[in-house]
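Please look at the sequence and the model before reading on. The briefing below goes from the whole chain down to single residues.

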Amino acid sequence: MLKKLLVIAGIVVTIVLAFKYCELKKEDDSIAYNTNIIQQQILNVGKLVVTEGHFSEVITYKNQQKYLMNMLSFEKKALIVVNANVTVAYDLHKIKYDIDEKNKTITILNIPKEEITINPDIQFYDVEQSKLNPFTGDDYNKINKSVKANLAKKIDKSSLKTNAQNRLISELSKILILTNSMGWKLEYNGKTIESDTDFNQDLKL
């Protein structure tokens with residue numbers, strides 16, 4: 001009788017252990033599956049987000065060369081029309097993150113900064129110059145540098161960078177939506193991200 005009880009007890013223990021093993025394996029498989037889905041979503045987000053803008057300005061350039069103790073001067077000047085295409089881009093291939101399977105947490109470690117590209121088309125009108133003070137390569141370099149500096153100020157005052165940031169947040173929100181739907185947590189900059197507003201606060205320009 002005792003022998004039968006021991007056999008039955010052994011069978012019960014074996015069944016319980018087998019059941020627990022299957023449950024653990026099922027959970028491990030689920031975590032691995034979830035991790036793969038999240039990694040794939042981050043890969044899908046990892047692209048070049050580009051926002052384009054167009055700016056125009058008109059500049060009058062003047063330069064004077066003086067000789068004979070400033071008694072003689074030779075001026076050169078030109079009316080310059082600038083049309084520039086500007087792009088603000090985020091290369092999300094460079095995004096860095098960490099996956100904590102145990103605590104079901106995705107931590108965004110680094111979001112790349114925006115890359116601003118300015119391509120100006122510079123046209124010269126009403127050019128006036130003399131043989132003693134002609135336009136040279138130095139003039140064109142100075143003009144180009146001044147144009148880009150002025151455009152950079154205009155870009156800062158415009159909505160272009162804000163629009164680019166909104167597009168960035170839209171892409172990052174895809175990760176947030178997925179993690180929330182799977183019961184995972186998303187963290188960035190030491191905070192738990194629960195909405196687009198949290199991204200906005202941490203990514204202020």
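**Contacts across the chain**

Among contacts in the protein chain between residues at least 6 apart in sequence, 73% join residues at least 24 apart; contact means heavy atoms within 4.5 Å. The model is predicted, so local features need pLDDT of at least 70 and side-chain atom pairs count only at pLDDT 80 or more, while totals for chains, interfaces and linings use all residues. Residues are numbered from 1 along each chain as its sequence is written, and side-chain values use heavy atoms, with hydrogens and water left out.

**Overall make-up**

- The protein chain has 4 helices and 7 strands; helices (H or I, at least four residues) and strands (E, at least two) are DSSP runs, numbered from the N terminus.
- Along the sequence, these elements follow the pattern α-β-β-β-β-β-α-α-β-β-α.
- The protein chain has 205 residues, of which 31% count as buried. Buried means under 20% relative accessible area, exposed over 50%, and partly exposed in between, with a 1.4 Å probe and protein chains only.
- About 13,700 Å² of the protein chain is exposed, and carbon and sulfur atoms supply 53% of this area. Accessible areas come from the Shrake-Rupley method with a 1.4 Å probe; for residues, only the protein chains shown count as cover.

**Confidence**

- The average pLDDT of the protein chain is 78, and 76% of the residues score at least 70; pLDDT is the predictor's confidence in each residue, from 0 to 100.
- Among the elements, helix H1 (residues 2–45) has the lowest mean pLDDT, 52, and E4 has the highest, 90.
- Over residues 5–10 the pLDDT is below 50, and this stretch has 0 contacts in the model beyond near neighbours in sequence.
- Residues 12–30 also have pLDDT under 50, with 0 contacts beyond four places in sequence.

**The sheet**

- Four strands form an open sheet in the order E3-E4-E6-E7, with mixed pairing. Two strands pair if DSSP finds at least two bridges between them.
- Strand E3 (96–100) and strand E7 (191–192) are the edge strands, each pairing on one side only.
- Strands of a sheet pair through backbone hydrogen bonds, either parallel or antiparallel.
- E3 and E4 pair in the antiparallel sense over 5 bridges, and Ile-99 has Ile-106 in E4 as its bridge partner.
- The hairpin of E3 and E4 has 4 residues between the strands, and Lys-104 takes a positive phi near 50° there.
- Strand E4 (residues 105–110) pairs with strand E6 (residues 185–188) in the parallel sense over 4 bridges. The bridge partner of Thr-105 in E6 is Lys-185.

**The nonpolar core**

- The largest nonpolar core has 36 residues, and those with the most contacts inside it are Ile-108, Leu-151, Leu-186 and Phe-199. A nonpolar core is a set of buried Ala, Val, Leu, Ile, Met, Phe, Trp, Tyr and Cys residues joined through side-chain atoms within 4.5 Å.
- Two or more residues of this core come from each of strand E1 (48–67), strand E2 (72–91), E4, H2, helix H3 (160–181) and E6.
- H3 gives the largest share of this core, 8 residues.
- Leaving out residues up to four places away in sequence, Leu-186 touches Ile-106, Ile-108, Ile-175, Leu-176, Thr-179, Lys-191, Thr-192, Ile-193 and Phe-199.

**Asn-133**

- Asn-133 is in the loop between strand E5 (115–128) and helix H2 (137–157).
- Asn-133 counts as buried because its relative accessibility is 2%.
- Beyond its neighbours within four places in sequence, Asn-133 contacts Asn-63, Gln-64, Gln-65, Phe-74, Glu-75 and Lys-76.
- A polar atom of the Asn-133 side chain lies 3.4 Å from the backbone oxygen of Asn-63.

**Other single residues**

- Asp-126 is in strand E5, and its phi is near 50°, a positive value in a residue other than glycine. Asp-126 counts as exposed because its relative accessibility is 59%.
- Asn-189 is in the loop between E6 and E7. Its phi is near 60°, also a positive value in a residue other than glycine, and Asn-189 is exposed, with a relative accessible area of 51%.
- Asn-166 is in helix H3 and is partly exposed, with a relative accessible area of 41%.
- Asn-166 and Asn-200 are 34 residues apart along the chain, and their C-alpha atoms are separated by 8.4 Å.

Key: A polar contact is a pair of N or O atoms within 3.5 Å; within protein, one must be able to donate a hydrogen and the other to accept it, and residues adjacent in sequence count only if both atoms are side-chain atoms.
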